[in-house]
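Visitor: Please take me through one part of this protein in detail. I would like a close look at a helix and its surroundings.

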Amino acid sequence: MPPCALRGFASFKRNMTQRKEPNMIERIETGVRSSKIVKHQGVAYITGQVGEGETIQAQTEECLRRLDALLIQAGSSREHMLRATIWLADMSDFAGLNEVWNAWVPEGYAPARACGEAKLARPELKVEIIVDAAYT
């Protein structure tokens, strides 16, 4: 491809990313490794959240408070969650997680959900939750 064609493509590409096109990807609070929220074609992908606390309930409550704030920032809500992926450091905490989760999810709006066991980023962490949600 001749150099002048490449310059034309670069200009076209730059202009396309500056407009609010239907296929545009919006990144919010982007850092070196990840963005807190990525929005694309009506779906907000929320980065994994963890919480502080001694018990699974305390960590889950804090994690869900953080998710609430990010859902609002994304223009979404609990009622618009599509999918939740939950990682527990120990599956023996499953009942404690569900105790808090079930109270948090609005009745009739439960997302598709998966829960598994994984070694989390720090030894004191008990839970990490990742949510995808529709936005308007």
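Visitor: Start with the strands beside it. In β6, which residue is the bridge partner of M81? Then go on to helix α3.

Guide: The bridge partner of M81 in β6 is A133. This is a predicted model, where local features need pLDDT of at least 70, side-chain atom pairs count only at pLDDT 80 or more, and totals for chains, interfaces and linings use all residues. Residues are numbered from 1 along each chain as its sequence is written, and side-chain values use heavy atoms, with hydrogens and water left out.

Strand β4 (residues 81–88) and strand β6 (residues 127–134) run antiparallel, joined by seven bridges. Pairing here takes at least two DSSP bridges. Helices (H or I, at least four residues) and strands (E, at least two) are DSSP runs, numbered from the N terminus. β4 also pairs with strand β5 (residues 112–117), in the parallel sense, over six bridges. There, I86 has C115 of β5 as its bridge partner. From β4 the chain crosses through α3 to β5, and this β-α-β crossover is right-handed. That means clockwise from the first strand over the helix to the second, with the strands pointing away from the viewer.

Now α3 itself. G96, L97, N98, V100, W101 and W104 are buried, meaning under 20% relative accessible area with a 1.4 Å probe, protein chains only. These buried residues pack against α2, β4, β5 and β6; contact means heavy atoms within 4.5 Å.

Helix α2 (residues 56–73) packs on α3 (residues 94–104) at about 35°, with the axes 8 Å apart. Axes are lines fitted to C-alpha atoms over the stretch in contact, and angles run from 0 to 180 degrees between N-to-C directions. On the α2 side the contact includes I56, L64 and L71; α3 supplies V100, W101 and W104, among others.

Technical notes: Buried < 20%, exposed > 50% of the residue type's maximum accessible area, 1.4 Å probe, protein only.
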